[in-house]
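Me: I am new to this structure. Please take one close look at the largest pocket, then show me what surrounds it.

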Amino acid sequence: MQKTTILTDIEGTTSSISFVKDVLFPYARAKLPDFVRRHGHEPDVRRWLDAVAIEISASACQDAVIVETLQGWIDEDRKHTALKALQGMVWDAGYRDGDFTAPLYPDVAPALRDWHAAGHPLAVYSSGSVPAQKLLFAHTDDGDLTPLFSGFFDTEVGGKREAGSYRAIADRLGTSPGDILFLSDVVAELDAAREAGLRTALLDRREDYPQPRTGAAANGHMRVESFADIDVAA
Ligand SMILES: CSCCC(=O)C(=O)COP(=O)(O)O
Ligand SMILES: [Mg+2]
């Protein structure tokens with residue numbers, strides 16, 4: 001029998017919204033100007049800066065305008081692929097220099113280890129870039145969890161509220177959509193995943209969402225407050 005693949009979101013699902021908003025985003029906001037000054041000429045960085053420049057009709061040489069735009073997007077929590085790619089590059093130094101590690105909810109690492117040991121393939125789908133996802137799971141307070149995962153997906157595959165993104169992920173994993181369980185704190189993302197045929201579970205964590213999203217608010221998705229309550233086989 002095909003083992004259910006578990007596809008997980010990060011912010012609000014494996015890690016608190018506060019870690020992302022109060023630690024990662026301010027770090028990226030503060031370090032971005034110096035990062036662009038030092039690395040803006042490197043092709044892997046320039047490609048994303050140019051993508052922003054095109055979108056805001058700025059000349060590619062106006063890096064100060066691009067940086068201000070990116071900082072504004074951080075403040076608005078824009079899930080823009082170029083911003084996410086650049087944030088990931090900035091966080092790389094933060095993790096390496098030990099400026100922060102990545103706290104996971106206490107139920108997350110034990111569940112991931114148990115599911116992996118039971119033969120369930122594990123994958124990540126987050127608005128954070130794939131390199132940022134790998135950094136986060138390599139530097140958790142529970143150790144390096146990257147060996148547990150066999151797939152990482154970001155918005156280069158498509159937006160998280162679009163059913164087509166989940167079809168593309170199932171395709172890339174070589175798994176039928178019905179054999180994938182998607183975990184997220186955002187109902188609109190779960191709606192898109194369900195439309196694509198995935199099974200879904202709403203993570204409704206008290207720390208992030210003080211008002212429980214029960215009944216109609218869960219929109220028919222399995223609702224849990226902890227990874228320990230997820231019935232993978234259900
Ligand atoms: C990869 S960690 C950084 C998280 C991030 O930038 C983000 O936007 C999280 O969004 P998610 O899709 O995981 O809710
Ligand atoms: Mg989330």
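Reply: The lining of the largest pocket holds 11 nonpolar, seven polar and eight charged residues. Here Ala, Val, Leu, Ile, Met, Phe, Trp, Tyr, Cys and Pro count as nonpolar; Asp, Glu, Lys and Arg are charged; the others, Gly among them, are polar. This is a predicted model, where local features need pLDDT of at least 70, side-chain atom pairs count only at pLDDT 80 or more, and totals for chains, interfaces and linings use all residues. Residues are numbered from 1 along each chain as its sequence is written, chains are lettered from A and ligands numbered from 1 in the order written, and side-chain values use heavy atoms, without hydrogens or water.

The lining counts 26 residues. E11, K79, S126, S127 and G128 lie nearest the centre of the pocket. Three elements give two or more residues each: α1 (17–39), α4 (81–96) and α6 (130–138). The top contributor is α1, with four residues. Helices are DSSP runs of H or I with at least four residues, strands are runs of E with at least two, and both are numbered from the N terminus.

The volume is about 440 Å³. A pocket is an open set of points on a 1 Å grid over the protein atoms alone, where a 1.4 Å probe fits and protein lies on both sides within 12 Å along at least five of seven lines; lining residues have an atom within 4 Å of a point. Points join across faces, edges and corners, and the volume is the space filled by probe spheres set on them.

Both domains take part. Domain 1 (5–16 + 103–229) and domain 2 (21–97) each give at least three residues to this lining. Their bounds come from an automatic or database assignment. The C-alpha centres of the two domains lie 25 Å apart. Their contact (heavy atoms within 4.5 Å) takes 10 residues from domain 1 and 11 from domain 2.

Now follow α6 away from the pocket. This helix lies across β2 (122–125) and β3, at about 130 degrees to β3. Helix α7 (163–173) also packs on the sheet, touching β1 (5–8), β2, β3 and β4 (180–184), and makes about 150 degrees with β2. Axes are lines fitted to C-alpha atoms, for helices over the stretch in contact, with angles from 0 to 180 degrees between N-to-C directions.

The sheet itself is open and parallel, with six strands in the order β3-β2-β1-β4-β5-β6. Its edges are β3 (151–153) and β6 (222–224). Two strands pair if DSSP finds at least two bridges between them. Strand β5 (199–203) joins β6 over three bridges.

Last, go back to α1. This helix also gives the most to the second largest pocket, with six residues. That pocket has a volume of about 190 Å³ and 13 lining residues. K31, D34, F35, V90 and A93 lie nearest its centre. By class, its lining has five nonpolar, one polar and seven charged residues.
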